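Here are a few exercises to help you find your way around a new structure. Try each one before you read its solution.

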Amino acid sequence: MGHWDILKLLKTVLRRQATEYVRAEVQALEEAFALLLVGTFIGLPAPTTGLVLRLLPHLGSELELLERRVAESDDLFAQVAGILKI
């Protein structure tokens, strides 16, 4: 295994790890966005109900994501620690 092969392997590993971080960040931002929009329904201060009701038909994927995350999140801090390799 030459130096170039080692550099290619290192580049691949770093790229995968960076992609994993970006995916986790996108998922967290999607969850925060959906929570901001539907927070009114659970008592959080949020945008007006009229605005939320107008946006609600376009939030199908975010609501599915929230539902899936609630079903899968038995230990949210462990998942974050696993992603960050703490």
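**Exercise 1.** Check whether the span of helix H3 (residues 60–72) agrees with its 13 residues.

*Solution.* Keep in mind that this is a predicted model. Start with the rule of 1.5 Å a residue: for the 13 residues of H3, it gives an expected span of 18 Å. Now look at the C-alpha atoms at the two ends, which are 18 Å apart, so the two values agree.

**Exercise 2.** Find out which residues of H3 are buried, and how they sit around the axis.

*Solution.* Step one is to pick out residues under 20% relative accessible area. In H3, these are Glu 62, Leu 65, Leu 66 and Arg 69. Step two is to look down the axis: the four cover an arc of only 100°, so they lie on the same side of H3. The general rule helps here: an α-helix has 3.6 residues a turn, so residues three or four places apart point the same way. Step three is to turn to the face pointing away from that buried side, where you'll meet the exposed residues Glu 64, Glu 67 and Ala 71.

**Exercise 3.** Work out what kind of surface patch Met 1 belongs to.

*Solution.* First, place Met 1: you'll find it in the segment before H1. Next, check its cover: a relative accessible area of 77% makes Met 1 exposed. Then add its partners: with Ile 6, Leu 9 and Val 13, Met 1 makes up a nonpolar surface patch, and together they have about 440 Å² of accessible area.

**Exercise 4.** Say whether Thr 48 and Leu 53 are exposed or partly exposed, and how far each is from Leu 37.

*Solution.* Take Thr 48 first, in the loop between H1 and H2. Its relative accessible area is 54%, and the cut-off for exposed is over 50%, so Thr 48 is exposed. Its C-alpha atom is 8.9 Å from that of Leu 37, 11 residues away along the chain. Leu 53 belongs to helix H2 (residues 49–55), and at 48% it counts as partly exposed. Between the C-alpha atoms of Leu 53 and Leu 37 there are 9.2 Å, with 16 residues separating the pair along the chain.

**Exercise 5.** Describe the whole chain and how confident the prediction is.

*Solution.* Count the elements: four helices and zero strands, in the order α-α-α-α. Of the 86 residues, 13% are buried. The mean pLDDT is 80, with 88% of residues at 70 or more. By element, helix H1 (residues 3–38) has the highest mean, 87, and helix H4 (residues 76–84) the lowest, 68. Where pLDDT is low, the predicted coordinates should not be read in detail.

How values were computed. Residues numbered from 1 in each chain as written. Predicted model: local features only at pLDDT ≥ 70, side-chain atom pairs only at ≥ 80, totals over all residues. Heavy atoms only, no water. pLDDT = per-residue confidence, 0-100. Expected span 1.5 Å × (residues − 1). Buried < 20%, exposed > 50% of the residue type's maximum accessible area, 1.4 Å probe, protein only. Arc of directions from axis to C-beta. Patch = residues over 30% accessible without salt bridge, like charges linked within 9 Å, V, L, I, M, F, W, Y side chains within 5 Å. Areas by Shrake-Rupley, 256 points an atom, 1.4 Å probe, with all protein chains shown as cover. Salt bridge = Lys/Arg side-chain N within 4 Å of Asp/Glu carboxyl O.
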